[in-house]
Amino acid sequence: VSVARIATLGLVLVSSVGVASEARAWCQSCTVEAPPAASCAQSCFCPVDTNPDAHFLFWDRSCMELSVMDMPGPAFTTAELDSAIDRSFARWTELDCGGGRRPGFEIRRTDDRALCDIAQYVSGEGNANTIAVVHDGWEERAGHDRAAFALTTTFFLLSTGEIVDADMELNEEHWDFATCPEEGCMDGSVDLENTLTHEAGHFFGLAHTNVDIESTMWACADAGETFKRTLAPDDIEGMCTIYGPDALPSECRFTPRGGFDPFCAEDRK
């Protein structure tokens, strides 16, 4: 089984301003990496009609665990990080797709803390969907932009696009994360929940939206903003379309493929 990875830069500091549009268009991540974007408005890219190697990314399991590292920042505790993660993922899993239907996921955090702060998936061995706070060495990691608040890496089957693992990294080296009040932080801090809600969209297979500056999946953000905590109609439509009725199996298996292992591959005995 061939497994590949795509590292998706999450929110980045606003460097160019897009123009809001009345149209709404959500995008789905793809097995074929999109060309580099020159602005916050990033076009949808998955040439499924012309490229046999192109497939949309999706999960084919309804129950999953998240393993969080015990690596707090100066302005937040691990307990506050856990709570922000729970709220952020609940925005996506508990949304109403119409008639009371939800996307169908059950997400929980493991009691065991992750012990690996790098994104990796090992075929045939234990793994974990890890959330890590990175305090140093951010730019030494491949594809990690200094301006990014966070990055989510998804590992998927090349033949279908099925996601088998997803790891999230928060850039605490270059940004100061905090739990901001509802009106936002005014001291330059980056709101944990605002960032995590955006990254959770990548976790589920959503890419950056290309027109809706008000959506959670817009590529850029101001430090201190909080409005991405709340999903826009664009975000909801994307999640509910990808995970429509009967899209996920009824069987609930929390254990990752190959079993659970919190360690980096090089640290396993």
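These legends describe close-up views of a predicted model.

**View 1. The largest nonpolar core has 40 residues.**
Trp59, Leu81, Phe89, Trp92 and Phe204 touch the most other members of this core. Several elements supply at least two residues each: β3 (63-68), α1 (78-93), β5 (130-134), β6 (150-157), β7, α2 (192-203) and α3 (233-242). Helix α1 gives the most, with 5 residues. Another core lies apart from this one. That core has 10 residues, among them Val12, Val134, Trp138 and Cys220.

**View 2. Tryptophan 92 and its contacts.**
Neighbours within four places in sequence are left aside here. Tryptophan 92 is in contact with Pro103, Thr197, Ala200, Gly201, Phe204 and Leu206, among others. The list also includes Thr216, Met217, Leu231, Asp235 and Met239. Two of these contacts, Ala200 and Gly201, are buried residues of α2. Asp235 and Met239 are buried residues of α3.

**View 3. Helix α2 is mostly covered.**
Helix α2 has 12 residues. From its first C-alpha to its last it reaches 16 Å, close to the 16 Å expected at 1.5 Å a residue. How many of its residues are buried? The count is 12 of 12. Among them are the charged-pair residue Glu193 and the histidines His198 and His202. Glycine 205 follows α2, and its phi is positive, near 105 degrees.

**View 4. A salt-bridge network joins Arg87, Arg91, Asp191, Glu193 and Arg229.**
Side chains of opposite charge can pair when their charged atoms come close. The structure has 16 salt bridges. Arginine 87 and glutamate 193 meet in one of them, at 2.8 Å from N to O. This pair links distant parts of the chain: arginine 87 sits in helix α1 and glutamate 193 in helix α2, 106 residues apart. Glutamate 193 also meets arginine 91, at 3.1 Å from N to O. Arginine 91 lies in helix α1 and glutamate 193 in helix α2, so this pair ties together parts that are 102 residues apart in sequence. Which partner is buried and which is partly exposed? Glutamate 193 counts as buried because its relative accessibility is 5%. Arginine 87 is partly exposed at 35%, and arginine 91 is partly exposed at 34%.

**View 5. Aspartate 191 pairs with arginine 229.**
Their closest N and O atoms are 2.8 Å apart. Aspartate 191 is in strand β9 (residues 190-191), and arginine 229 is in the loop between β10 and α3. The two are 38 residues apart. Aspartate 191 is buried, with a relative accessible area of 1%. Arginine 229 is buried too, with a value of 12%.

**View 6. Aspartate 165 is buried yet has no salt bridge.**
This residue lies in strand β7 (residues 163-171). Where is the nearest side chain of opposite charge? It belongs to arginine 268, 8.2 Å away. A salt bridge needs the nitrogen within 4 Å of a carboxyl oxygen, so that pair does not count as one. Residues up to four places away in sequence are not counted among the contacts of aspartate 165. Those contacts are Trp59, Gln120, Tyr121, Asn127, Ala128, Asn129, Thr153, Thr154 and Phe155.

**View 7. Three of the 7 disulfides.**
A disulfide is a covalent bond between the sulfur atoms of two cysteines. Cysteine 27 joins cysteine 44, with S to S at 1.8 Å. This link is left-handed, with -75 degrees about the S-S bond. Cysteine 27 is buried at 3% relative accessibility, whereas cysteine 44 is partly exposed at 40%. Cysteine 30 joins cysteine 46 at 2.2 Å. That link is right-handed, with 65 degrees about the S-S bond. Both of these cysteines, 30 and 46, are buried. Cysteine 40 joins cysteine 220 at 2.1 Å. The torsion there is about -95 degrees, so the disulfide is left-handed. Cysteine 40 lies in the loop between β2 and β3 and cysteine 220 in strand β10 (residues 220-221), so the pair ties together parts that are 180 residues apart in sequence.

**View 8. Helix α3 and the segment after it.**
The buried residues of α3 are Asp234, Asp235, Gly238, Met239, Cys240 and Ile242. What covers them includes α1. Aspartate 246 lies in the segment after α3. Its phi is positive, about 65 degrees, although aspartate 246 is not a glycine. Most residues other than glycine have a negative phi. Aspartate 246 counts as exposed, at 79% relative accessibility.

Key. Residues are numbered from 1 along each chain as its sequence is written. This is a predicted model: local features need pLDDT of at least 70, side-chain atom pairs count only at pLDDT 80 or more; totals for chains, interfaces and linings use all residues. Side-chain values use heavy atoms; hydrogens and water are left out. Helices (H or I, at least four residues) and strands (E, at least two) are DSSP runs, numbered from the N terminus. Buried means under 20% relative accessible area, exposed over 50%, partly exposed in between (1.4 Å probe, protein chains only). Lys and Arg count as positive and Asp and Glu as negative; His and the chain ends are not counted. Contact means heavy atoms within 4.5 Å. A nonpolar core is a set of buried Ala, Val, Leu, Ile, Met, Phe, Trp, Tyr and Cys residues joined through side-chain atoms within 4.5 Å. The expected span of a helix is 1.5 Å times one less than its number of residues. A disulfide is a pair of cysteine sulfur atoms within 2.5 Å.
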